[in-house]
Amino acid sequence: MKINLEKYAITLFFLLLSNSLLASPFRFHPVFSDDMVLQREKPVAVFGFGKPGTEISVEFKGATKKTAVLPEGSWKVLLPPLPASAEGSVLTATSENESISCKNVLVGDVWFCSGQSNMERPFSTFSELKLVVPTLGRPLVRIYCTAQEPSPHPLEVPMIPTKKNESDTNLWHPSTPEFLINFSPIAYFFAEKTSDELKIPIGMVVSARGATQIECWIPQETLDALHLNIEFQIASKNPPPHEPAVLYNSMIHPFLNLTLKGFLWYQGESNSKWPENYKKTFPALIQGWREKFQALEDPFYFVQIAPYHPLPWDLTKGEAWAWIREAQMSALALPKTGMTVITDLGEYEDIHPQSKKAAGERLALFALRDAGLPVQPESPLFDSMEIKGNRSLLRFKNAASGLEIRRVVMNKKKEQPIQKDPEAFVVEPDQIRGFTLCGEDQKFVDAQANIVGDHLEVWSDSVPYPIAVRYGWKSFPLCNLFGKEGLPVSPFRTDSFPMPTLFQEKTPE
């Protein structure tokens, strides 16, 4: 797709500014600043810019590495792996007679967080969450937010976000209320739980933007290799952030040298019309990022999108988002991926549910499991089905401790206290809800279900010969089956029936 450069006047200004920085005086890359966190237990890249050919010496915690500035004006060294440390130290780089430093630098785990608004929206935009900000903050949790402007070309230096305090030259900040109010709740609560449990520093880099499709976040060459028709998704009237690859260029590419623990992702709502494409683009993003970051072994954990009311374009009258959740789940075929299920944390009228603390803490379970703690981060997933008479016998992965029924409460109205809306949808634990099944006619009807030993029995008296079962197969599912560890069973289907038409495609004018 050709990009209209007239749309990118601001972006091109930043691009030229970024390129000019390559010839600027000796300096760190902007991702390095006071109060940052360096990744533990890995060789750590430290990088920046300077005069070509000059010698650079970098020192941190007694380790020293030397290099020379490359002809294009960049330099990079790899510090030896270090254990986690909550003691603030100074990172120093020296060139000729000039020395630069970052103070109060910790060593821990650094997570790169991206996606659309449910990852990006700050505490200040949530009526309930902003009230608790004065009580939050951890000295070992440090935060970083990127600028959100697109670029038609990959940038080496990130754009600098606008700041209310012009004297604040740092991009990393301590997680105090002053800075948290404009930070991602789900990223913070992930970091809070991880840091509290592991007793180590946690650095959170949030590079996300609301209302964006996944194609914006994928390198152009990766998209080209997929040979997908995404023209109909990118309407010409949309603003530049909706062009393919432009947010990868400005919000991902500048950070490729950063040494990370792993990735967190929360996105999918803006691609819910095209789940078949998402089954290809989402794994491509994961693999593409891992290759670009040279981090093939780094974990990639993501959130399955929350329940939300049927949208006007949904020709199925309420099941469209079930298909995008299935598309998200398909990425679990890749190694070192994990999915956080939040079918109990949605809000009917709000695409941005406020239960970010529970969602962030569920994501954190993956990090705790990776660190060796005895926790189960994975929701039960459908494994197999056996038909016996009019009963479908279902078995699940990640359910070694068994299944149970729980009470589920999800608000109907926006801006209500979490799970306290007088009109909230309530699913009582008196019976299992959310199952449907069908016979040869492929007409799904509500079904009953019981937990029997290590499996589940599903049936309907109106279907004597069932062939397929679905669970939570709605945009706003009301279902209440959980693993005994407290995580909800992911929506699923046992069939492979063709996906129905979700919406009427329109060719952009």
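Here are a few notes on the cysteines and on strand β20 in this predicted model.

1. Disulfides first. How many disulfides does a search of the whole structure find? The search comes back with 0. For a pair to count, the two cysteine sulfur atoms have to be within 2.5 Å.

2. Take Cys113. The closest cysteine sulfur to its own belongs to Cys145, and the gap is 9.4 Å, so that's too far for a bond. Buried or exposed, where does Cys113 fall? Cys113 is buried, at 0% relative accessibility.

3. Cys438 tells a similar story. Its sulfur sits 18 Å from the closest cysteine sulfur, the one in Cys479, so a bond is ruled out by distance here too. Cys438 is also buried, with 0% relative accessible area.

4. Cys438 belongs to strand β20, residues 435–438, which is covered on both faces. Side chains in a regular strand alternate between the two faces of the sheet. On one side of β20 you'll find Phe435 and Leu437, on the other Thr436 and Cys438, and all of these are buried.

5. Now the neighbours. Strand β24 (residues 468–471) pairs with β20 in the antiparallel sense, over 4 bridges. If you want a register check, look for Thr436 opposite Arg470 in β24.

6. β20 also pairs with strand β21 (residues 445–446), again antiparallel, over 2 bridges. Here Leu437 stands opposite Val445. The hairpin of β20 and β21 has 6 residues between the strands, and Gln442 in that hairpin takes a positive phi near 60°.

How values were computed: Residues are numbered from 1 along each chain as its sequence is written. This is a predicted model: local features need pLDDT of at least 70, side-chain atom pairs count only at pLDDT 80 or more; totals for chains, interfaces and linings use all residues. Side-chain values use heavy atoms; hydrogens and water are left out. Buried means under 20% relative accessible area, exposed over 50%, partly exposed in between (1.4 Å probe, protein chains only). Two strands pair if DSSP finds at least two bridges between them.
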